[in-house]
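Hello,

Here is the structure I promised to pass on to you. Please have it open while you read, and my notes follow below it.

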Amino acid sequence: HPDPVVAGKASKVFDALRGPQLTEKSALIGKFQAAFLQPPDLKSGQDLFEKNCAVCHKFGDKGKEAGPNLTGVGLHGESVLLTHILDPNRVVEGNFISYNVVTKKDEEYTGLIKSENSEKVVLKNIEGEVELRRADIASMKSSGLSLMPEGLEALGEKNIRDIVGYLAATV
């Protein structure tokens, strides 16, 4: 929220609601930060990015733009990047919040709103884009979440370090 007082109050409410999950994610992030004491393998980071991240994210001239374009994201620093990877729903910009749409024919779609007007809604996700006529939509609800999946810690500490190192080094 643009008003810092309102934003602060909202953050406290959300933190209270996410309490146990936030504590768990913060501990996970702390555990992974220990791997950053070693230098990253940038070639491995590039390969891992192209295999695991480029399906949604564009970085330089590689990847898709289903999620945020990560070109220049290294300027945020390794700690911020690590947090976004391990806790993708901690901070989600409004234009990257996923929506669930159900049509009157019970077809379900999930994606980011690319564009919308009084006649249609265009959703985008990793499969591409789908254009839906508003007259055909039974419900459209924000999930409040990012399309980015949880659980990327399964890649392992070294691999996450290499991906973050690659993103941070290619500024």
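Which residues does K25 touch, leaving aside residues up to four places away in sequence? Its contacts on that basis are L86, D87, R90, E150 and E153. Before I go further, please keep in mind that this is a predicted model.

To place that lysine for you, K25 belongs to helix α2, which covers residues 19-33. Is K25 buried or exposed? The relative accessible area of K25 is 7%, and because the cut-off for buried is under 20%, K25 counts as buried. One polar contact may interest you here: the K25 side chain comes to 3.1 Å from the backbone oxygen of L86. L86 is also among the residues that K25 touches.

A little further on, A34 sits in the loop that runs between α2 and α3, the latter being residues 42-52. A34 has a relative accessibility of 46%, so it is classed as partly exposed. If you want a distance across the fold, take A34 and G165: they are 131 residues apart along the chain, and their C-alpha atoms are separated by 14 Å.

Now for the strands. Strand β1 (residues 97-103) runs antiparallel to strand β5 (residues 137-146), and six bridges join the two. Within that pairing, Y99 has S142 in β5 as its bridge partner. β1 is also joined to strand β2 (residues 108-116), again in antiparallel fashion, by four bridges. On that side, V101 stands opposite Y109 of β2.

How many residues lie between β1 and β2 in their hairpin? There are four, and D106 is in the turn. D106 is worth a look on your screen: its phi is positive, about 65°, although it is not a glycine. For background, most residues other than glycine have a negative phi. D106 has a relative accessible area of 64%, and because the cut-off for exposed is over 50%, D106 counts as exposed.

Last, the aromatic rings. The structure holds three aromatic pairs. Which residues do ring pairs link into a cluster? They are F49, F59 and Y166.

To recap the places to visit first: buried K25 in α2, the exposed D106 in the loop between β1 and β2, and the cluster of F49, F59 and Y166.

Happy browsing, and best wishes

Technical notes: Residues numbered from 1 in each chain as written. Predicted model: local features only at pLDDT ≥ 70, side-chain atom pairs only at ≥ 80, totals over all residues. Heavy atoms only, no water. Phe/Tyr/Trp six-rings, centres within 6.5 Å; stacked < 30°, edge-to-face > 60°. Buried < 20%, exposed > 50% of the residue type's maximum accessible area, 1.4 Å probe, protein only. Polar contact = N/O pair within 3.5 Å; in protein donor to acceptor, adjacent residues only side chain to side chain. Contact = heavy atoms within 4.5 Å. Pairing = 2+ DSSP bridges.
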